Amino acid sequence: MKIIAWLRVMATVAFLWPVLVECAIRRYNFNVVMTNTTKLCSSKPIVTVNGLFPGPTIYATEDDNVLVNVTNSVSYNLTIHWHGIKQIQTGWADGPAYITQCPIQPGQSYVYNFTVTGQRGTLLYHAHILWLRATVHGAIVILPKPGVPYPFPKPDNELVVILGEWWISDVEAVVNEALQSGLAPNISDAHTVNGLSGPVSNCLSEGGYNFVVEAGKRYLVRIINAALNEELFFKIAGHNLTVVEVDATYVKPFQTDTILTAPGQTTNAILSTNPQTPAGAGGNFLITTSPFMDAPIRVNNNTATATLQYNGTLPSAAATPTAPPPLNSTSLAEKFYDSLRSLNSHQVPLSIDHSLLFTMGLGVNPCSTCYAGKKVVADFNNVTFVMPETALINAHFFNISGVFTDDFPGNPTTPYDYTGEQPANLMTTEATKLYRLAYNSSVQIVLQDTGMLAPENHPIHLHGFNFFAIGRGLGNYNPDQDPRNFNLVDPVERNTIGVPSGGWAAIRFRANNPGVWFLHCHLEVHTTWGLKMAFVVDNGKGPNEILPPPPADQPKC
Ligand code: C2O
């Protein structure tokens, strides 16, 4: 009897074991502090997580519950966003300030509590208030569940590569000055790879980051664009990369010598090192990261450098060089984005409940305190989003009136030739307008660039969902012709999409996550100017279709 009972216990334990292993709790403590740095032409205090720039990497396995206790030890209000985490029924942990939470005030803490569901790969976290994300960011590495293999040969090791932008002066001062003048903020002074720029002309720098590798090995390179305002190319001299994943979704592998990522996007690629360490001084290879811009917009055209160093090579030995692509490499950019195809075919919504067309552009509004009485603004469908003073998700959940309206226009109110001649009136409407979606409705958004002030590539990021990128093109979207060429079979699934300069991109998603979800340009300068809006997704009927109440420690405004 006893033996049978014991065997039963054993069987139960054996049965539960994988479940226990799979649903681990990962706890992290983030103390956000001022840290003194002496690098890249300046010695200044910057805001960091735990004194690190970039911040610590968060590791999780798919299905893990992640708890990040964020303590704000700086004098700025603070929030952190887990960019690309779907936050299913955990909208309160998403992070954008005044959208899904009030900021964590100085001296306060908040525990971000979410489960990583249906995703594996690389994502990033970053501050989501003011311009603090310039230095408050880091990698999120999500491993497949135990026993679930990668759909490509298992890598021997991995490299986390975080690309960033660096200002010599204080970043908050840069944006404040721009807001006061109503003009564009200063461009950055350097780009960085894992916090280092490599040599910058006329300035003291610490040199570049060294990635030490072994010969004859396969590395999974996790590339994150954490820059504020610039799309970046990434190259390694003498090595090709095989792209296998973007935004934590697998893609059909393809080889390239140049990766392109927009701010907020992530790309995983396999790097196979040479079978043998090149003899003598030949074991160093230059890594470059440089901007892509094919519109008449001023960007920081400095190239940051790092080194791929085969173990045993002197770090001081000259590196095999590579030339960064020219700034306006449109065809290279198009080729890269066109190569992205989802590895598996997907359930792309085929019937559409909401067919939306959002134009994107800049504008000029009156501002009595600004330089020349005007300020630059940006908009979706001519609405410049005004940040509320109460978090939108609270206003939604507790039915607080007067915080937002849900009449965001699903289509332009005054259609025109968006990429042709522009209207003389550059003014926009300033309001806090949301677009309401019933639970589980299917949505198509055509994101249409305009020539208002200047055409530009806008990387648009949707919170709370991945979407399918079903089509893109130049000029104006044609609702009669273009849908015929939509890819509804293996479109890439992602959370941030580059809309080509003077063109359009079409995305589809299913609104199966109740809450309030931000949609915005991931160029921080455009977010600041108002190129943002939010969807409010109502509850469904089932218990798994509702937004639960906020956690007890949710910060107050
Ligand atoms: Cu990575 Cu709302 O942003």
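# A walking tour, starting inside

Let's begin with the largest cavity, whose lining residues split into 8 nonpolar, 1 polar and 3 charged. Before you click on anything, keep in mind that this is a predicted model.

**Stop 1: the largest cavity**

To see that cavity, select Lys44, Pro45, Ile46, Val47, Tyr76, Trp131, Leu132, Ala134, Thr135, Asp170, Val171 and Glu172, which line it. Two elements each give two or more residues to this lining: strand E2 (42-49) and helix H2. Colour E2 on its own and you have the top contributor, with 4 residues in the lining of the largest cavity. The space in there comes to about 100 Å³. How many cavities of 30 Å³ or more does a search of the whole structure find? There are 3.

**Stop 2: just past E2**

Now follow the chain out of E2 into the loop that runs to strand E3 (58-61), where you'll meet Pro54. Select Phe53 along with Pro54 and look at the peptide bond between the two: it is cis, with omega near -10°. Asn50 sits in the loop between E2 and E3 as well. Asn50 isn't a glycine, yet its phi is positive, at about 55°. Why stop for these two? Most residues other than glycine have a negative phi, and most peptide bonds are trans. Asn50 is partly exposed, at 34% relative accessibility.

For another residue of this kind, jump to Asn194, in the loop between strand E10 (190-193) and strand E11 (210-213). Asn194 also has a positive phi without being a glycine, this time near 50°. Is Asn194 buried or exposed? With a relative accessible area of 13%, Asn194 is buried.

**Stop 3: the largest pocket**

Next, select Leu179, Met387, Thr527, Thr528 and Lys532. Of the 38 residues lining the largest pocket, these are the closest to its centre. The pocket's volume is about 860 Å³. Want to see which elements surround it? Show strand E7 (121-127), helix H2 (171-181), strand E21 (374-380), strand E22 (383-385) and helix H5 (524-529), each of which gives two or more residues to the lining. Colour the pocket lining by residue type and you should get 23 nonpolar, 8 polar and 7 charged.

**Stop 4: down the barrel of H3**

Select helix H3, residues 330-338, and turn the view until you look along its axis. Pick out Ala333, Phe336 and Tyr337, which are buried. Those buried residues of H3 fall within an arc of 95°, so they line one face of the helix. There's a simple rule of thumb here: an α-helix has 3.6 residues a turn, so residues three or four places apart point the same way. Now add Ser331 and Lys335: these exposed residues are on the face of H3 turned away from its buried side.

**Stop 5: the cysteines**

Show the cysteine side chains, and you'll find 2 disulfides. One joins Cys102 to Cys557, with the sulfurs 1.9 Å apart. Cys102 is in the loop between strand E5 (80-83) and strand E6 (109-115), and Cys557 is in the segment after strand E32 (532-537), so this pair ties together parts that are 455 residues apart in sequence. Sight along the S-S bond of Cys102 and Cys557: the torsion is about -95°, so the disulfide is left-handed. Turn on the surface and compare the two ends: Cys102 is buried, at 5% relative accessibility, whereas Cys557 is exposed, at 51%.

The link from Cys367 to Cys370 has an S to S distance of 2.0 Å. With 70° about its S-S bond, the link of Cys367 and Cys370 is right-handed. Cys367 is buried, with a relative accessible area of 13%, and Cys370 is buried too, at 9%. While you have cysteines on screen, click Cys521 as well, which is buried at 0% relative accessibility.

**Stop 6: His81 and a ruler**

Go to strand E5 and select His81. His81 is buried, with a relative accessible area of 1%. Then draw a distance from the C-alpha of His81 to that of Asp449: the separation is 26 Å, for residues that are 368 apart along the chain.

**Last stop: zoom out**

Switch to a cartoon view of the whole chain, which has 5 helices and 32 strands. Along the principal axes, the C-alpha atoms fill a box of roughly 75 × 65 × 55 Å. A compact globule of 557 residues would have a radius of gyration near 24 Å, and the chain, at 24 Å, agrees with that. Of those 557 residues, 57% count as buried.

Conventions:
Residues are numbered from 1 along each chain as its sequence is written. This is a predicted model: local features need pLDDT of at least 70, side-chain atom pairs count only at pLDDT 80 or more; totals for chains, interfaces and linings use all residues. Side-chain values use heavy atoms; hydrogens and water are left out. On a 1 Å grid over the protein atoms alone, a cavity is a set of points where a 1.4 Å probe fits but cannot get out, and a pocket is an open set with protein on both sides within 12 Å along at least five of seven lines; lining residues have an atom within 4 Å of a point. Grid points are joined across faces, edges and corners, and a volume is the space filled by probe spheres set on the points. Ala, Val, Leu, Ile, Met, Phe, Trp, Tyr, Cys and Pro count as nonpolar, Asp, Glu, Lys and Arg as charged, and the others, Gly among them, as polar. Buried means under 20% relative accessible area, exposed over 50%, partly exposed in between (1.4 Å probe, protein chains only). The arc is that of the directions from the helix axis to the C-beta atoms. A disulfide is a pair of cysteine sulfur atoms within 2.5 Å. The radius of gyration is taken over C-alpha atoms; the globule rule is 2.2 Å times the number of residues to the power 0.38.
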